[in-house]
Every structure is written in C-alpha cells, then in structure tokens.
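Hi,

Here is the structure I promised to pass on. Have a look at it first, and then read my notes below.

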Amino acid sequence: YIYAFIFLCFYIFGLSQTEYQWRSEASNGNWDDGDNWWDGSSITNTGFGVQLMSNNNQTNMVNNFAGTFNTFMLVFGNGATDSRTISGNPFRMFDYSGNNPKIQNFSTATHTFNTSINGDGDAADPLEINLQSTGGLIWNGFVNNQGSWVDFYGVSNAIARFNGVISGTGGIGVKTKTIVALNAANTYTGNTEIDEGEIWLEDNGGISSLSNVYLGNGGKLDKIAKLFLAKSSGGQVLNNAINVNIGNSNTRYLGSLNSSGTNEFSGAIIKNNDAGLNFEIVNIGATLAVTGGMSNRNTVINKIGAGKLIFSKNNFNINSQNIYIKNGILEVDVFPSRFGGNSSIIIGDEGFSTLRILDTSSAYTSSFVSNGYGGAIEFNSQTNRSFSGAYLLNADLLINNQSTKNLEFSNVISGSKNFIINSTGTGGVILSYPNNNYTGN
C-alpha cells in the first residue's frame with residue numbers, strides 16, 4: 001500500500017518519472033543489478049527517476065554504477081524500519097519537469113549515506129530533504145550543492161546530520177520542523193536561513209564566514225527558529241553576524257547544547273525589529289557567552305535553561321526592556337550599562353535563577369521581581385552602589401555581596417517571601433528605605 005500511496009502523491013503533483021522499487025528478493029545490495037529493482041511491471045535495472053526503498057532487505061547497499069549516478073528522487077518508504085547504509089559512488093540530484101529533486105524519509109529509521117551527493121547546478125532547483133516521520137538521515141560523504149540551495153522540510157524535528165563538508169555557492173534553508181546538525185567545517189557561501197526548525201553546530205561544525213545567517217522568517221511570525229552551538233565540551237566560537245528577523249514572542253532562539261565549558265556567539269546580533277530574543281542554555285555546567293553585542297533595539301530578553309549565559313565585551317542595548325531570568329545564571333560584566341541602561345528584571349519562573357554582576361557602571365534604578373523558584377543576586381563592584389528600584393518578593397531572594405563595597409537597597413521591598421542576606425565579601429548590604437513591608441524574614 002505504500003507504493004500505491006507514493007504513486008498517488010506523484011500523480012497529484014504531476015510527476016511521471018519511473019519509480020524503481022527495491023525488491024525484497026534482491027540477493028545483494030548492489031544498485032547496478034538487473035535483478036534488484038522492480039519498475040511496476042517487470043524486474044529490471046534502475047535508472048534516472050525515483051528510487052524507492054521500503055523494505056528491510058539488503059540494508060547495506062552499494063551504488064556500484066560507474067561514475068556519478070544521476071537521478072531525481074531517493075525515497076525511504078515507511079516499510080524501511082531498519083537503518084540502511086548506502087556506500088559507493090556519488091549521486092547527483094536533478095530536477096524533473098520543473099519539480100525539485102528530493103531525498104525523502106517516510107520511515108522511523110535513520111538511514112546513512114557514505115557517499116557524496118551533488119546538486120543539479122541550477123539555483124532555481126533546490127535539493128529538498130524531506131523528513132516526514134521520526135527517522136533521520138546521515139551524510140558521511142561530501143555534499144556539493146553546485147550552486148543549488150539545500151532546503152529541509154519535516155514534521156517532527158527529525159535530524160538531518162552532515163558529518164561531511166557542504167560546499168558550493170548555494171545556501172541552506174531550514175523550512176519546517178527539522179533539525180539540521182552540521183558536524184564539519186562547511187565552506188558553502190550561500191545564506192544560512194532558519195524559517196522553522198533548528199540548526200545545531202556540533203563538535204566539528206562550522207558555517208563559512210561568507211555565509212549570512214538569518215534566524216526566523218518575517219513572513220512566518222509564529223514559527224519557532226533556533227540556532228544552537230552544540231560542541232559538547234565547549235570551546236566553539238561562531239563569528240558570523242546573526243540577523244534576527246521579526247517573530248512572535250518565544251519564537252527566536254539562540255542557545256547552546258554543551259554540557260561543560262563555554263561556547264560563544266562573537267558576531268554582532270543584528271535586529272531591525274522589536275521582537276523578543278530567547279537564549280537557551282540547556283544543561284547545568286554549560287556556559288554560553290554572547291560577546292558581539294547588539295545595537296539599540298527594544299528587545300525583551302528571556303534566559304532559559306539551567307546553564308549560564310554571559311553578556312560581555314560589547315553592549316547589548318535592549319532599550320530598557322525587561323530581562324527574564326527563568327532558570328540558571330545570567331552573568332554580566334558591567335551592570336547595568338551593558339544592556340544600555342536600566343531594565344526591569346524578573347527571575348525564577350522555571351527554576352532557581354541568579355543575576356551575577358561582575359562590576360557596576362552606575363546605580364540600578366529599575367524594579368526587580370522574584371517569582372516561582374526564587375533566586376539570587378551575586379554582587380561585585382569597584383564602587384558603592386544603590387539599587388533604587390522597587391523589589392517584589394513572590395519567592396525568596398538571596399543577596400550575596402561578594403565585594404568590598406556596599407550595596408544599598410533604597411526603595412521599598414514588598415511581598416510575602418524572604419529577603420535573605422548571605423554575603424561572602426566584606427562589603428555591607430544596607431536597607432535604607434524606612435517602610436519596607438515584605439512579610440517574610
């Protein structure tokens with residue numbers, strides 16, 4: 001029935017290329033074998049058209065055609081439930097009658113190419129990678145886009161992983177719900193665009209300095225786009241500027257998937273809109289540094305995940321918009337000027353949250369709210385400072401003055417939870433407002 005379904009899809013989209021089905025009776029894994037394919041009416045060899053693999057027979061396959069095998073579409077049907085590996089000579093994917101070439105996986109298994117893949121050389125004919133179930137695809141060989149884009153479509157955030165270099169003048173476009181994991185020092189020079197889905201730069205992964213990076217699509221406001229640095233031990237630096245397109249709240253993410261060490265976005269964050277920006281550091285013990293700065297835009301910051309986020313070196317000017325530290329640590333080298341001025345800060349919505357201040361530039365005059373799981377302010381400064389905004393304790397707040405200078409709270413502290421002073425430095429914590437009305441300890 002899968003064959004009938006795919007034939008129906010081809011009919012709907014006006015495709016009439018020959019479909020070659022891998023036979024469950026094939027006695028070896030060779031592609032160039034007249035006994036291994038079925039064209040719908042007879043046993044035959046395969047050729048340009050559609051190669052459908054929807055069984056678990058001979059899962060170690062070899063493209064033994066001499067030279068490069070040209071075709072239109074490679075399909076893993078939903079019957080291919082065991083992982084399949086294709087080795088041997090290269091493939092080149094060409095369009096047919098105005099329809100883009102495709103590699104599609106309808107199965108729950110992940111299949112591997114140990115051979116190179118080439119685009120058709122026409123910028124108007126992108127190679128489409130479609131992951132239509134939970135199964136992924138792995139490329140261990142090189143991919144030369146030949147000037148064509150490689151576009152990714154999916155339904156369930158399955159992973160397309162590239163362990164070989166992607167080269168050529170075309171770009172990469174993550175169009176719908178796919179994770180594209182890059183694990184080589186890629187040299188393609190076209191744009192890197194994430195409309196919906198994720199790109200992970202893994203341990204050996206990189207994007208060419210000539211590739212412009214775009215996070216989100218301004219025409220798809222509700223679609224979630226994420227770019228993660230994913231070197232597990234840290235030490236990964238992305239120097240590219242990142243263009244963040246407008247989107248709804250909680251749809252544009254920069255983050256890190258490391259479990260230790262520090263990964264870094266050192267390029268500028270470029271925004272021509274006032275949408276919020278989310279920073280997701282998933283793991284405890286992980287650190288993400290944002291050092292390239294951002295010119296002044298109204299930008300609400302959400303810090304998500306149990307790890308640590310650092311802002312340093314260049315100003316990240318958010319025009320006094322709110323900062324939400326929902327979990328983990330947000331560390332800032334110079335506060336509050338690193339953010340372009342005073343912003344209200346809300347902590348603790350998803351886990352114990354810490355604002356870590358390494359030094360100060362001026363008094364802090366905005367409000368501060370401790371919610372949910374509560375959190376801490378770790379204070380360091382070369383100068384005595386006043387925090388003169390109102391403080392609301394919906395959850396416990398710990399103050400740790402780690403410096404030799406005084407920290408003064410000169411406005412009202414209210415709420416029902418505890419204001420806890422547990423300093424490790426010799427500087428004082430001064431409550432100078434005469435009518436604090438919080439009811440905790």
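Let me start with a small space inside: the second largest cavity holds about 30 Å³. Keep in mind that this is a predicted model. The residues lining that second largest cavity are Ile 103, Ile 117, Leu 127, Ile 129, Trp 139, Val 143, Val 150 and Phe 162. Strand S13 (127-131) and strand S16 (150-162) are the elements that give two or more residues to this lining. Sorted by class, the lining has eight nonpolar residues, with no polar and no charged ones.

How many cavities of 30 Å³ or more are there? The count comes to two. The largest cavity has a volume of about 40 Å³. Around it you'll find Ile 117, Asn 118, Gly 119, Leu 127, Val 143, Asn 144, Asn 145, Ser 148, Trp 149 and Val 150. Strand S12 (117-118) and strand S15 (143-144) each supply at least two residues of that lining. Its class make-up is five nonpolar, five polar and no charged residues, whereas the lining of the second largest cavity is made up of eight nonpolar residues.

Now for the strands. S12 and S15 also turn up in an open sheet of five strands, which has the order S6-S9-S12-S15-S17 and parallel pairing. Which strands sit at the edges? They are strand S6 (69-71) and strand S17 (166-167), each of which pairs on one side only. S6 runs parallel to strand S9 (residues 91-93), and three bridges join the two. If you want a spot to look at there, Thr 71 stands opposite Met 93 in S9.

The other strand to find is S10 (residues 102-105). Is S10 covered on one face or on both? Both faces are covered: Lys 102 and Gln 104 are buried on one side, and Ile 103 and Asn 105 are buried on the other. In a regular strand, side chains alternate between the two faces of the sheet.

S10 has parallel partners too. Strand S7 (residues 73-76) is joined to S10 by four bridges, and Met 73 has Lys 102 as its bridge partner in S10. Four bridges also join S10 to S13, again running parallel. There, the bridge partner of Lys 102 is Glu 128 in S13. So that you can tie this back to the cavities: Ile 103 from S10 is one of the residues lining the second largest cavity.

Happy exploring!

Definitions and conventions:
Residues numbered from 1 in each chain as written. Predicted model: local features only at pLDDT ≥ 70, side-chain atom pairs only at ≥ 80, totals over all residues. Heavy atoms only, no water. 1 Å grid on protein atoms, 1.4 Å probe; cavity = no way out; pocket = protein on both sides within 12 Å on 5 of 7 lines; lining within 4 Å. Points joined across faces, edges and corners; volume = space filled by probe spheres on them. Nonpolar A, V, L, I, M, F, W, Y, C, P; charged D, E, K, R; others polar. Pairing = 2+ DSSP bridges. Buried < 20%, exposed > 50% of the residue type's maximum accessible area, 1.4 Å probe, protein only.
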